[in-house]
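This report is written for a reader who is meeting the structure for the first time. It looks at the ligand and its contacts, and then at the spaces inside the protein.

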Amino acid sequence: MTETQFTPRVFSGIQPSGNLHLGNYLGALKRFVDMQGEDYETIYCMVDLHAITVWQDPARLREKTREVCAGFIAAGLDPEQSILFNQSQVAEHTQLAWIFNCIARMGWMQRMTQFKDKAGKNAQNASLGLFAYPALMAADILTYHATHVPVGEDQKQHLELTRDIAIKFNHDYGVDFFPVTEPVIGGPAPRVMNLRDGSRKMSSSDPSDMTRINMTDDADAIAKKIRKAKTDPDALPSETNGLSERPEARNLVNIYAALSDLTAEQVLTEVGGKQFGEFKPMLAELAVSKLAPISTEMARLMGEEAEIDRILAKGAEKARTIAAPILQQTYEIVGMVGAKQG
Ligand code: TYM
């Protein structure tokens, strides 16, 4: 079998299920913006169908979908340069997901740690959608033949599953049709931690708002949350190995590094020896200078609902021109009568 050359294409998605937070920004959104440009076609999605794997109030889901779109644009994604849309407007995702449900094995899905975390103790009461979710995620990516997927570290296992699905599909049908996608997990903050507990990741589902910085927080809220973030009594080290047993300190240094486009090593050369009393105000100032303009622009865009809906509809139309032929070819490979070569 010869190696097919795939167009360098980036796909990634964010669930519109809660507040966009600093973890989403540093692990994903900021990196989406970095990848926008000449090297790749870039496709970014508000994955509303993923969000409903757990209960969502319909009015809030609509609002959050628009808010994530506003966040994408405010952070620097340009709807003329990147395709921006919400998942439910492109039916090919769910159509391909069904085929992948028939490729993925129960054993593979049962190993997914995110399902175990989200379903918790009462897994019997979790939705079937929550269990099948990673097959839909694989379809999101592969219905565009995406070659690169920028995500935070928590999505690594889902991307390995996406690769397994592509490999098994290609093998079972004797084709070289789906690319084996590259996860792009990197930067200094692939896993931003909870500000009050350095052993847990920052998440929109934590009941305490003080554990995270939301992209909609104003300057005062950002500064207050950093001031109150948990730390330890020691001064900052001058090398990263001095952070290995200090998760809260490591987290704040990584956040500083990611916001300033430096490495953690470079940051420590600058701040090694300082106490948190001195470092926290520096971090707060940096965070406000980078995030406040985004939240201000988000708030402005949220007032332009019709414009956001127009961007999403136009993005969905462009997305379908890529997804539809790939789905048709998949149907043809699988043996569906009526499928036309796209
Ligand atoms: P979601 O909506 O939970 O998160 C969106 C993105 O933000 C990253 N992220 C973080 N990065 C660093 N530190 C954190 N604390 C943190 N929290 C979240 C996530 O890794 C992700 O990149 N299953 C995905 C959505 C999805 C998707 C896709 C992603 C659906 N289909 C296809 C890529 C490609 C999810 O639930 O992400």
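## Polar contacts of the ligand

In this predicted model, a polar side-chain atom of N24 lies 3.1 Å from an oxygen atom of the ligand. A polar side-chain atom of D154 is found 2.4 Å from an oxygen atom of the ligand, while at G152 it is a polar backbone atom that lies 2.9 Å from a ligand oxygen. The ligand would expose 710 Å² if taken alone, and the protein buries 95% of that area.

## The shell around the ligand

The ligand is surrounded by 26 residues, and the closest of them are Q15, Y133, D140, D154 and V192. Sorted by class, this shell is made up of 12 nonpolar, 10 polar and 4 charged residues.

As for where the ligand is placed, it sits in the largest pocket. Three elements give two or more residues to the shell around the ligand, namely the strand β1 (9-14) and the helices α1 (22-35) and α7 (128-142).

## The largest pocket

The pocket that holds the ligand has a volume of about 1,200 Å³. Its lining consists of 48 residues, and those nearest the centre of the pocket are Q15, K118, D154, Q155 and K201. Of these, Q15 and D154 are also named among the residues closest to the ligand.

Several elements each supply at least two residues of this lining: β1, α1, α2 (48-51), α3 (58-75), α6 (113-119), α7, β4 (148-150) and α8 (156-173). The helix α1 gives the most, with 5 residues. By class, the residues that line the largest pocket divide into 18 nonpolar, 21 polar and 9 charged.

## The largest cavity

Apart from the pocket, the structure holds 2 cavities of 30 Å³ or more, and the largest cavity has a volume of about 50 Å³. The residues that line the largest cavity are M112, Q114, F115, K118, L130, Y133, P134 and H158, and the elements giving two or more residues to this lining are α6 and α7.

Two of these residues link the cavity to the features described above, since K118, which lines the largest cavity, is also one of the residues nearest the centre of the largest pocket, and Y133, likewise in the cavity lining, is among the residues closest to the ligand. By class, the lining of the largest cavity has 5 nonpolar, 2 polar and 1 charged residues.

## The second largest cavity

The second largest cavity contains about 30 Å³ of space, and the residues that line it are L22, L195, I213, I226, L252, I255 and L283. What classes of residue make up the lining of this second largest cavity? The lining divides into 7 nonpolar residues, with no polar and no charged ones.

Definitions and conventions: Residues numbered from 1 in each chain as written. Predicted model: local features only at pLDDT ≥ 70, side-chain atom pairs only at ≥ 80, totals over all residues. Heavy atoms only, no water. Near = heavy atom within 4 Å. Polar contact = N/O pair within 3.5 Å; in protein donor to acceptor, adjacent residues only side chain to side chain. Areas by Shrake-Rupley, 256 points an atom, 1.4 Å probe, with all protein chains shown as cover. 1 Å grid on protein atoms, 1.4 Å probe; cavity = no way out; pocket = protein on both sides within 12 Å on 5 of 7 lines; lining within 4 Å. Sits in = over half its atoms within 2 Å of the grid points. Helix = DSSP H or I, 4+ residues; strand = E, 2+ residues; numbered from the N terminus. Nonpolar A, V, L, I, M, F, W, Y, C, P; charged D, E, K, R; others polar. Points joined across faces, edges and corners; volume = space filled by probe spheres on them.
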